[in-house]
Amino acid sequence: MDQAQEATVIRLLTEACGTDEVSNERDIDLFEAGLLDSMAFTEVLVGLEDELGVRIAPTEVERDEVATVNRLLRFVDERI
């Protein structure tokens, strides 16, 4: 994943979570911290498809696979 793609993923998460804390704390569990819920995560998935062409159905991802910024970055990188 190049830097522009990484920045896009982080921006989408920042917008969905409503805080830039996600860019500073890349290993915090976003769901447990109350920063991300299923609706917000769906927004991230739509953004990933719109901006990076990465199509991920909510049913094909386990929450634990994308619970942190770093995990989501790896998950997306495997699909680019």
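**View 1. T8 sits within helix α1 of this predicted model.** Helix α1 covers residues 3-17, and T8 has its place there. With a relative accessible area of 14%, T8 falls under the 20% limit and is therefore buried. Look for the side chain of T8: one of its polar atoms is 3.0 Å from the backbone oxygen of A4. Setting aside residues up to four places away in sequence, T8 touches E51 and L52.

**View 2. Helix α1 from end to end.** Here you can follow the 15 residues of α1 over 21 Å, from the first C-alpha to the last, close to the 21 Å expected at 1.5 Å a residue. At the N-terminal end, D2 acts as a cap, with a side-chain oxygen 3.1 Å from the backbone nitrogen of A4. After the helix comes G18, and its phi is positive, near 75°. Which residues of α1 are buried? They are Q5, T8, V9, I10, L12, L13, A16 and C17. An α-helix has 3.6 residues a turn, so residues three or four places apart point the same way. The buried residues of α1 pack against α2 (21-24), α3 and α4.

**View 3. The largest nonpolar core.** This core has 26 residues, and those with the most contacts inside it are L13, L36, F41, L48, I56 and L72. Helices α1, α3 (38-52) and α4 (69-77) each supply at least two of the core residues. Which helix gives the most to this core? That is α1, with six residues. Nonpolar side chains tend to be buried together in soluble globular proteins. To find your way around, try starting from L72: leaving aside neighbours within four places in sequence, L72 is in contact with V9, L13, F41, V44, E65 and V66.

**View 4. The aromatic pair of F31 and F41.** The model has one aromatic pair. The ring centres of F31 and F41 are 6.1 Å apart and the planes meet at 65°, which is over 60 degrees, so the pair counts as edge-to-face. The two partners link distant parts of the chain, 10 residues apart: F31 is in the loop between α2 and α3, while F41 is in helix α3. Are these two rings on buried or exposed residues? F31 is buried at 14% relative accessibility, and F41 is buried at 8%.

**View 5. R79 over the ring of F75.** In this view, R79 lies over the face of F75, and the distance to the ring centre is 3.5 Å.

**View 6. T68 in the loop between α3 and α4.** T68 has a relative accessible area of 5%, so this threonine is buried. Its side chain reaches the backbone nitrogen of R71 at 3.0 Å. What does T68 contact once its neighbours within four places in sequence are left aside? The partners are R26, D27, I28, D29 and L30.

**View 7. R63, also in the loop between α3 and α4.** R63 counts as partly exposed, at 49% relative accessibility. Not counting residues up to four places away in sequence, R63 touches F31 and E32; F31 is the residue in the loop between α2 and α3 that pairs with F41. For a sense of scale, R63 and V76 are 13 residues apart in sequence, and their C-alpha atoms are 14 Å apart in space.

Methods
Residues are numbered from 1 along each chain as its sequence is written. This is a predicted model: local features need pLDDT of at least 70, side-chain atom pairs count only at pLDDT 80 or more; totals for chains, interfaces and linings use all residues. Side-chain values use heavy atoms; hydrogens and water are left out. Helices (H or I, at least four residues) and strands (E, at least two) are DSSP runs, numbered from the N terminus. Buried means under 20% relative accessible area, exposed over 50%, partly exposed in between (1.4 Å probe, protein chains only). A polar contact is a pair of N or O atoms within 3.5 Å; within protein, one must be able to donate a hydrogen and the other to accept it, and residues adjacent in sequence count only if both atoms are side-chain atoms. Contact means heavy atoms within 4.5 Å. A nonpolar core is a set of buried Ala, Val, Leu, Ile, Met, Phe, Trp, Tyr and Cys residues joined through side-chain atoms within 4.5 Å. The expected span of a helix is 1.5 Å times one less than its number of residues. Rings of Phe, Tyr and Trp (its six-membered ring) pair if their centres lie within 6.5 Å; planes under 30 degrees apart count as stacked, over 60 as edge-to-face and the rest as tilted. A charge sits over a ring if NZ of Lys or CZ of Arg is within 6 Å of the ring centre and within 35 degrees of the ring normal.
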